[in-house]
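User: I would like to go through the reasons behind some of the terms used for this model. Please set each value against its definition.

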Amino acid sequence: MSPHDSIVTLLDDAARLARAVPQFDTDNCLSLPEAYTIQSASIARRVARGERRVGVKMGFTSRAKMAQMGLSDVIWGRLTDAMQIEEGASVQRSRFVHPRVEPELAFLLKKPLAGNVTTVEALAAVEAIAPALEIIDSRYQDFKFTLPEVIADNASSSGFVVGGWHDPRTDFRNLGLVMSIDGRPVQIGSTAALLGDPLRSLVAAARLSAAAGEPLQAGWTVLAGGATPAEWIHPGQHVAVEMQGLGGAAFHLS
Ligand code: OOG
Ligand code: MG
């Protein structure tokens, strides 16, 4: 028994049953390493239920996201196959507590990538890039949390949609993007918002996941982080992102 078992159960049940839970660390007792241990243990429960690890998502890699959530450290979370939503598919609102959506860039890896790598080494491990949408869904009431709390909650990971994969040998450091809800543009941004170069987000993913003993694997997807503030989504809405030169990705919330 670990002293954090009850928190692991609380957060895993909250995600599984789409039920909000109160914040548990309002007096800041939890350290960041402890928070990642809780995240890892809650993902282990998902894997024990049959889910498969398919990659990593980065968080707070843009100023827009840091400002929206009031937190400024880059964080990461673990992605499983159950979180992936087929491009263009309909997903049920009942899966989520209070979902939001944000536009992201996705990397598909062709080689493992671990440790302190350069952006050139990171690019050499990339098979393809794609526009993506992340559905984030904090398990905490009112979508409010401290840094250790959101890390323990797997960085609000809940769903993601990836568009068509493209050759990464293009300059994708400053691609314009538009996220629309029901055809109405709601956020406009650029991939440059991601640490100035989305490859820096992949470099951070390589370093942080290797330090946790789970180096990035060939075939994994890495989400580079929300490039704009996230938007609330509601049943009946159609959400789409269009990225300069890379096409789009979309889903419907039913
Ligand atoms: C935390 C997750 C942050 C991103 O792309 O910055 C994130 C949250 O905002 O709930 O996914
Ligand atoms: Mg995100």
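User: Where does Asp 153 lie?

Analyst: Asp 153 lies in the loop between helix H5 (147–152) and strand E7 (157–162). Helices (H or I, at least four residues) and strands (E, at least two) are DSSP runs, numbered from the N terminus. The model is predicted: local features need pLDDT of at least 70, side-chain atom pairs count only at pLDDT 80 or more, and totals for chains, interfaces and linings use all residues. Residues are numbered from 1 along each chain as its sequence is written, chains are lettered from A and ligands numbered from 1 in the order in which they are written, and side-chain values use heavy atoms, without hydrogens and water.

User: Why is Asp 153 called buried?

Analyst: Its relative accessible area is 3%, and buried means under 20% (exposed is over 50%, partly exposed in between; 1.4 Å probe, protein chains only). Asp 153 is therefore buried.

User: What makes Glu 102, Glu 104 and Glu 134 donors of the magnesium ion (ligand 2)?

Analyst: Their OE atoms coordinate the magnesium ion at 1.9 to 2.0 Å. Donors are N, O and S atoms within 2.8 Å of the metal (3.2 Å for Na, K and Ca); water is not among the atoms, so sites may look incomplete. The donors follow the spacing E-x1-E-x29-E along the chain. Glu 104 in strand E5 (residues 100–109) and Glu 134 in strand E6 (residues 126–136) are 30 residues apart, a pair linking distant parts of the chain.

User: Are Glu 104 and Glu 134 buried or exposed?

Analyst: Glu 104 has a relative accessible area of 1% and is therefore buried. Glu 134, with 1%, is buried too.
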